[in-house]
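Visitor: I would like to learn how to read a model such as this one, feature by feature. Could you take me through it, giving the general idea before the particular case?

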Amino acid sequence: LGTLSNPGDMIEVIGVGSLNEELNGIASFTSWGMNIQAIKDGVGIFKPDILTYGENVPGLDMNGDCIVRSGTSVSASIISGSIAAIISRFKKDIDIN
C-alpha cells in the first residue's frame, strides 16, 4: 500500500510530493500510496496528487545567502507559489470567494 499517512492520505487534501534529483522518480522521503478511505470504498486513489522538484533545490535563507534544501516542504512551497502566481494572473477572470 505504500507509505502514505494522515493528513496526506485524506481525499480533501492536495498531496504534494517530491521528485528525485534526476527527475525520473519519486524522492525517497516522499510518502506515497493508496488513500485508505478509498481502499475501504473499493476504489483506488493514488497519492500524492502532484509532484515537483524537491531534492537539492537551491534557494535563499533569511539573510539572502544561497542554500540547498530537500523535502516535501520545498515541493509544497513551489506548488503553492505556482498556484498563487496563476491566481494573481487570472484573478479578474475567475471568481475566488
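Visitor: How far apart should the ends of H2 be, at 1.5 Å a residue?

Guide: The idea is to compare an expected span with the one found in the coordinates, bearing in mind that this is a predicted model. For the 19 residues of H2, a rise of 1.5 Å a residue leads to an expected span of 27 Å, and because the end C-alpha atoms lie 27 Å apart, the two values agree.

Visitor: Which residues of H2 are buried?

Guide: Here one applies a cut-off, since buried means under 20% relative accessible area. In H2, the residues Val74, Ser75 and Ile79 are buried. They span an arc of only 135° around the axis, and therefore they sit on the same side of H2.

Visitor: What covers the buried residues of H2?

Guide: The cover includes four strands, namely S1 (16-18), S4 (50-52), S5 (57-60) and S6 (66-69).

Visitor: What volume does the largest pocket have, and which residues are closest to its centre?

Guide: The volume of the largest pocket is about 240 Å³. Its lining is made up of 14 residues, of which Gly8, Gly15, Val16, Ser31 and Thr72 are the closest to the centre. Helix H2, which runs over residues 72-90, provides the largest share of this lining, with three residues.

Visitor: How many residues of the lining are nonpolar, polar or charged?

Guide: Sorted by class, the lining of the largest pocket contains six nonpolar and eight polar residues, whereas it has no charged residues.

Visitor: Which backbone angles deserve a second look?

Guide: The general expectation is that most residues other than glycine have a negative phi and that most peptide bonds are trans. Leu23, although not a glycine, has a positive phi of about 65°, and this residue is found in the loop between S1 and strand S2 (33-34). Asn56 likewise has a positive phi, near 55°, and its place is in the loop between S4 and S5.

Visitor: Are Leu23 and Asn56 buried, partly exposed or exposed?

Guide: Leu23 has a relative accessible area of 43% and is therefore partly exposed. Asn56, with a relative accessible area of 37%, is partly exposed as well.

Visitor: Which peptide bond is cis?

Guide: One reads this from omega, and the bond from Lys47 to Pro48 is cis, with omega near 5°. Pro48 is placed in the loop between strand S3 (46-47) and S4.

Methods. Residues are numbered from 1 along each chain as its sequence is written. This is a predicted model: local features need pLDDT of at least 70, side-chain atom pairs count only at pLDDT 80 or more; totals for chains, interfaces and linings use all residues. Side-chain values use heavy atoms; hydrogens and water are left out. On a 1 Å grid over the protein atoms alone, a cavity is a set of points where a 1.4 Å probe fits but cannot get out, and a pocket is an open set with protein on both sides within 12 Å along at least five of seven lines; lining residues have an atom within 4 Å of a point. Grid points are joined across faces, edges and corners, and a volume is the space filled by probe spheres set on the points. Helices (H or I, at least four residues) and strands (E, at least two) are DSSP runs, numbered from the N terminus. Ala, Val, Leu, Ile, Met, Phe, Trp, Tyr, Cys and Pro count as nonpolar, Asp, Glu, Lys and Arg as charged, and the others, Gly among them, as polar. The expected span of a helix is 1.5 Å times one less than its number of residues. Buried means under 20% relative accessible area, exposed over 50%, partly exposed in between (1.4 Å probe, protein chains only). The arc is that of the directions from the helix axis to the C-beta atoms. Contact means heavy atoms within 4.5 Å.
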